[in-house]
Amino acid sequence: MFRNNMKKIAFLPHKKTKFVLLGSGNILCDFYNLLIKNGFPKPIIVTHPKKFHKRDQILLKNTKNFIDLFEFSKQNNIKIIETEKLNDKKLIDRLLKLGCNAAFSISCRSIIGKEFLKSFENRVFNIHPSILPMERGAAVISWRIMNNKKYVAGTIHQIDEGIDTGDIILQLKKSVIKQKPTVENYSIETDKLYNKLIVEFLKIIKNQGFCKLKKQNEKNATYFPRLYSEFNGAIDWDWNGKQIELFIRAFGFPYPGAFSFINNDKISILEANFEQMKNDFHPYTYGKIVQKMKNGSIKVITKNGFLQIIKISVKGKILEPSKIIKLADTFYTPTNILENSKIKTMNIKDMVEPKNRG
């Protein structure tokens, strides 16, 4: 964790610093409670319309660290403002009339514009799961697993008109020790860092009345777009086995899984392990099922080894692979699906309700 002494942004005394919290999720709920615990005024919550929460409610409900914002608000008698137009003047005026003079974004799906920033005198902040300026954008955990990077991180930064480009206030980074960490492992550890950062952020405001800022170094900047497993999770069997295993883990639980096809049936692969071999197989054999295991898994030929597929999903039903997949069947992914999964991105409006878990 660091602080910088170049620029500052001032706050009102903490008992008069009223936040509007923008977004959703368990960290937003934790932030809400921490503000009240530390003597800040009761914050206002603004989130995207409830129908756009449905996908997360379905996919994340069985994870260890999920909190449904609407259930949280019901239990705590909190009125939530739902909007698609975060930068709407009527909304901004309403928030100002409610006494808000600072804003904090946590998993917010809207780009915060110039008028919003100006109205809050740039006291608008975000928490992001990387060491900015690296890994700007979205789906950071999935991209990190794909790239085989074993760490979690968090940055609290001031929001400007760019995407994750604002001045930095606090940062933390920690190694992930687990040999094959899952999306959920990364998420839980990231949340622990987030809570440390938020506690420190509120402590600085409360004790100092201002935050010190540091500009991002654009030479180190990288950006990754949002991912949706149902669209972006197409497996390319020309990759080597390790790359495929990482890809499957990147789209694993709680997401619907990376996918491919057998006999025109879409198969989502939820769990797999790669076994490297010294002798490569001919590329013609990649994706072919060559062995069924007693535990219900199957072995598939990949470049430089076997991929043992342990768990799959078909039309939303989780199955043992050997029950529906035959020896000599071959996984394949049509070229047009592969190309679209790499070059196109989906909007949350297109993914309001998953058609199925596969």
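Q: Is Lys180 buried, partly exposed or exposed in this predicted model?
A: In this predicted model, the relative accessible area of Lys180 is 29%. Buried means under 20% and exposed means over 50%, with partly exposed in between. Lys180 therefore counts as partly exposed.

Q: Which residue does the side chain of Lys180 meet in a salt bridge, at 3.2 Å from N to O?
A: Lys180 lies in the loop between strand E9 (168-175) and helix H7 (183-208), and its partner lies in helix H9, so the pair ties together parts that are 65 residues apart in sequence. The partner counts as buried, at 1% relative accessibility. The residue that meets Lys180 is Glu245.

Q: Which lysine in helix H9 lies three residues from Glu245 and about one turn of the helix away?
A: Glu245 also meets this lysine in a salt bridge, at 3.5 Å from N to O. The lysine is partly exposed, with a relative accessible area of 32%. Its name is Lys242.

Q: Which residues are linked in a network of salt bridges?
A: Side chains of opposite charge can pair when their charged atoms come close. Glu245 meets Lys180 in one salt bridge and Lys242 in another. The network also includes an arginine, and its members are Lys180, Lys242, Glu245 and Arg249.

Q: How many residues apart are Lys299 and Glu275?
A: The closest N and O atoms of the salt bridge between Lys299 and Glu275 are 3.0 Å apart. Lys299 is buried, with a relative accessible area of 11%, whereas Glu275 is partly exposed at 35%. Lys299 is in strand E15 (residues 298-302) and Glu275 in strand E13, and this pair links distant parts of the chain, 24 residues apart.

Q: Which element gives the largest share of the lining of the second largest pocket?
A: This pocket holds about 430 Å³ of space. Of its 19 lining residues, the closest to its centre are Thr182, Gly252, Phe253, Leu270 and Glu271. Helix H9, strand E13 (265-276) and strand E16 (305-314) each give two or more residues to the lining. The largest share, four residues, comes from E13.

Q: What is the omega of the peptide bond from Phe253 to Pro254?
A: Most peptide bonds are trans. The bond from Phe253 to Pro254 is cis, and Pro254 lies in the loop between helix H9 (241-250) and strand E12 (258-262). Another cis bond joins Leu132 and Pro133, with omega about 15°. For Phe253 to Pro254, omega is near 10°.

Q: What is the phi of Asn77?
A: Most residues other than glycine have a negative phi. Asn77, in the loop between helix H3 (69-75) and strand E4 (80-82), has a positive value. Asn148 also has a positive phi, about 60°. The phi of Asn77 is near 55°.

Q: What volume does the largest cavity have?
A: There are two cavities of 30 Å³ or more. Among the residues lining the largest cavity are Gly23, His48, Cys108 and Arg109. By class, this lining has three nonpolar, five polar and one charged residues. The volume of the largest cavity is about 60 Å³.

Q: What accessible area do Ile111, Ile163 and Tyr223 have together?
A: Ile111 is in the loop between strand E5 (102-106) and helix H5 (114-119). At 56% relative accessibility, Ile111 counts as exposed. With Ile163 and Tyr223, Ile111 forms a nonpolar patch on the surface, and together the accessible area is about 320 Å².

Note on methods:
Residues are numbered from 1 along each chain as its sequence is written. This is a predicted model: local features need pLDDT of at least 70, side-chain atom pairs count only at pLDDT 80 or more; totals for chains, interfaces and linings use all residues. Side-chain values use heavy atoms; hydrogens and water are left out. On a 1 Å grid over the protein atoms alone, a cavity is a set of points where a 1.4 Å probe fits but cannot get out, and a pocket is an open set with protein on both sides within 12 Å along at least five of seven lines; lining residues have an atom within 4 Å of a point. Grid points are joined across faces, edges and corners, and a volume is the space filled by probe spheres set on the points. Ala, Val, Leu, Ile, Met, Phe, Trp, Tyr, Cys and Pro count as nonpolar, Asp, Glu, Lys and Arg as charged, and the others, Gly among them, as polar. Patches are made of residues with over 30% relative accessible area and no salt bridge: like charges are joined within 9 Å, nonpolar side chains (Val, Leu, Ile, Met, Phe, Trp, Tyr) within 5 Å. Accessible areas come from the Shrake-Rupley method with a 1.4 Å probe; for residues, only the protein chains shown count as cover. A salt bridge is a side-chain nitrogen of Lys or Arg within 4 Å of a carboxyl oxygen of Asp or Glu. Buried means under 20% relative accessible area, exposed over 50%, partly exposed in between (1.4 Å probe, protein chains only).
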